[in-house]
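These are my notes from going through the model, set down in the order in which I looked things up. I wanted to see how the copies relate, what they share, and how the nucleic acid is held against them.

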There are 2 protein chains.
Amino acid sequence: MSHTYRYPRPALTVDIVVFGLDAEDLQVLLIERDGKPFRGQWALPGGFVDVGESPDDAARRELEEETGLSEIFLEQLYTFGNPGRDPREHVVTIAHYALVNLNEHDVKASSDARNAAWFSINDLPKLAFDHSEILKVALDRLRAKVRYQPIGFELLPKKFTLRQLQHLYELILDRELDKRNFRKKVLATEIVKETNQFEKDVAHRAARLYRFDQRKYDRMTKQGFNFEV
Amino acid sequence: MSHTYRYPRPALTVDIVVFGLDAEDLQVLLIERDGKPFRGQWALPGGFVDVGESPDDAARRELEEETGLSEIFLEQLYTFGNPGRDPREHVVTIAHYALVNLNEHDVKASSDARNAAWFSINDLPKLAFDHSEILKVALDRLRAKVRYQPIGFELLPKKFTLRQLQHLYELILDRELDKRNFRKKVLATEIVKETNQFEKDVAHRAARLYRFDQRKYDRMTKQGFNFEV
DNA sequence: TTCGTTAGTGTATAAAATACACTAACAAGG
DNA sequence: CCTTGTTAGTGTATTTTATACACTAACGAA
């Protein structure tokens, strides 16, 4: 079956920059390309937008198909459509970025039998197409957004220590923060609530675990949120 | 001539929210629809993305074709692609927004012989498609962006008084600002430079004219720019 | 000459950001 | 069980930034 149009149309795809957090680094999920072009090179997960499907849905579907990830934070980033970005034909891609908590989401083998792996943002391979540029834009966006919207929490487990949270902010913003001022500021926003639990199996004094206050979180996500840490 | 693809493709368009400033209000440029659907209703200027053309180029081309505007500030906004947004078929649109100075750019009759007109953002007609939603997103973006990037200047003539600038900020942010604090803050950023000229033909003390410092402007556009007026 | 209107200026106060150092708790290892 | 290593947890003083606020100057119009 084929489809015919009066005028030529660019192909329309989605690509997703998936950020994850491990103990040491901010990471990005990449897929090893199977087909041409750029066979064997690493690329962002993504695929074609079906007719009748919103771009966001397409991004979620492709992400689940290629990596098994579902129900994660996902937002549109920017649309890249330079005619030369794909050597085969004019392909316009709606780039998205996603945040996942590595403890609670496993990346399973993809249905396409393509290889998926996490890479530190400080040690990235050469990427196919213009995916390096997309990744750079995503990282800039994440850095900018984390300052006025509490999205970074998506990268942490449900319960977390303030140290983990501070570490996350330090990784994203790429600079050190003052412990006392950070705690003061976070607690003042009231988007985290203390629990009566403490971390376990650590070779030092155990830190208290905190969790999000979902109600405050929703409110702050919509309204202004100043986090000039 | 027709074009055939293995899988169906959504149509790809651009739409542009053009903001302009007159003495009283922030305005938006709309086009009266000629063809179906929504014939006779007002809509954002826009059109199809050609194969081999970047979305930004498409937006500039369509804007020039439909309104005669060229060489203006234009940025990508967001891509809207809900399948139901166009009743005919699945059309994905890459929305842009643009800022023009009404004194230096005339909107000429469009080549399509369609009617173009400015509307105050406080008195908008019902718009075709999901264009009201696009306009709302554009306005939110403008309001947010003006606080950390000096883009508002694009709406003013080359030489302007500080009062005009303050008025612009008041219109965009929709609240009154303190004159002394505003002047203090603007001059502190050093993105405006005083000239030796003064406004003319005003029935009161003439105000000094200022102009952008393009070098500072470029630097501030890239780096942080905090304008919490 | 008066009136109306906007230009242009500084200071005091409040709020927010920053810099900074010690004691507490706990596990590991001798 | 005592010492060591490591991270948790806490407050205050200082600097910076934002805010609130009112008068004189200039100029055209009447």
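**Entry 1: the relation of the copies.** I began by superposing the two protein chains of this predicted model, and found that chain A can be laid on chain B with an RMSD of 0.1 Å by a turn of 180° and a shift of 0.0 Å along the axis. I recorded this as a two-fold axis, because a turn and shift of that kind is the relation such an axis describes. I then looked for the part of chain A that comes nearest to the axis, and noted the C-alpha of A:Thr4, which is 2.0 Å from it. The contact residues were checked next, and 100% of those of chain A recur in chain B, so that the same surface serves both copies.

**Entry 2: the protein interface.** How many residues of each chain are in contact with the other? I counted 30 residues of chain A in contact with 30 residues of chain B. The size of an interface is often given as the accessible area lost when the parts come together. For chain A and chain B I noted about 2,700 Å² buried between them, with 55% of it on carbon and sulfur atoms. On the side of chain A, the residues that lose the most area to chain B are A:His3, A:Arg9 and A:Gln76, which together make up 22% of what that side buries.

**Entry 3: DNA strand D.** I listed 22 residues around DNA strand D, and the closest of them come from both chains: A:Lys179, A:Lys184, A:Arg208, B:Asn181 and B:Arg205. Sorted by class, this surface has five nonpolar, four polar and 13 charged residues. Helix α4 (179–189) of chain A and helix α4 (179–189) of chain B each supply at least two residues of it, and α4(A) gives the most, with five residues. Of the strand D atoms within 4 Å of the protein, 44% belong to sugar or phosphate and the rest to bases. I looked up individual contacts on both parts: a base nitrogen is 2.6 Å from an N or O atom in the side chain of A:Lys179, and another entry puts a polar side-chain atom of B:Arg180 at 3.2 Å from a base nitrogen. For the backbone of the strand, I noted a phosphate oxygen 3.2 Å from an N or O atom in the side chain of B:Lys185.

**Entry 4: DNA strand C.** Which residues are closest to DNA strand C? Among the 22 residues that surround this strand, they are A:Asn181, A:Arg205, B:Lys179, B:Lys184 and B:Arg208. The classes here are five nonpolar, four polar and 13 charged residues. The largest share of the surface, five residues, comes from α4(B), while α4 of chain A and α4 of chain B each supply at least two. Sugar or phosphate accounts for 42% of the strand C atoms within 4 Å of the protein, and bases for the rest. A phosphate oxygen lies 3.2 Å from a polar side-chain atom of B:Arg183, and a backbone N or O atom of B:Arg208 lies 3.0 Å from a phosphate oxygen. On the base side I found a base oxygen 3.3 Å from an N or O atom in the side chain of A:Lys184.

**Entry 5: a glutamate in chain B.** Last, I turned to B:Glu66, which sits in helix α1 (residues 55–67) of chain B. Is this side chain's residue, B:Glu66, buried or exposed? I put B:Glu66 down as buried, because its relative accessible area is 3%. A polar atom of the B:Glu66 side chain lies 3.1 Å from the backbone nitrogen of B:Gly46.

Key:
Residues are numbered from 1 along each chain as its sequence is written. Chains are lettered from A and ligands numbered from 1 in the order in which they are written. This is a predicted model: local features need pLDDT of at least 70, side-chain atom pairs count only at pLDDT 80 or more; totals for chains, interfaces and linings use all residues. Side-chain values use heavy atoms; hydrogens and water are left out. A residue is near a molecule or strand if one of its heavy atoms lies within 4 Å of it. A polar contact is a pair of N or O atoms within 3.5 Å; within protein, one must be able to donate a hydrogen and the other to accept it, and residues adjacent in sequence count only if both atoms are side-chain atoms. Helices (H or I, at least four residues) and strands (E, at least two) are DSSP runs, numbered from the N terminus. Ala, Val, Leu, Ile, Met, Phe, Trp, Tyr, Cys and Pro count as nonpolar, Asp, Glu, Lys and Arg as charged, and the others, Gly among them, as polar. Copies are superposed by least squares on the C-alpha atoms of residues with pLDDT of at least 70 in both. Contact means heavy atoms within 4.5 Å. Buried means under 20% relative accessible area, exposed over 50%, partly exposed in between (1.4 Å probe, protein chains only). Buried area is the accessible area (1.4 Å probe) that two parts lose on being put together, summed over both.
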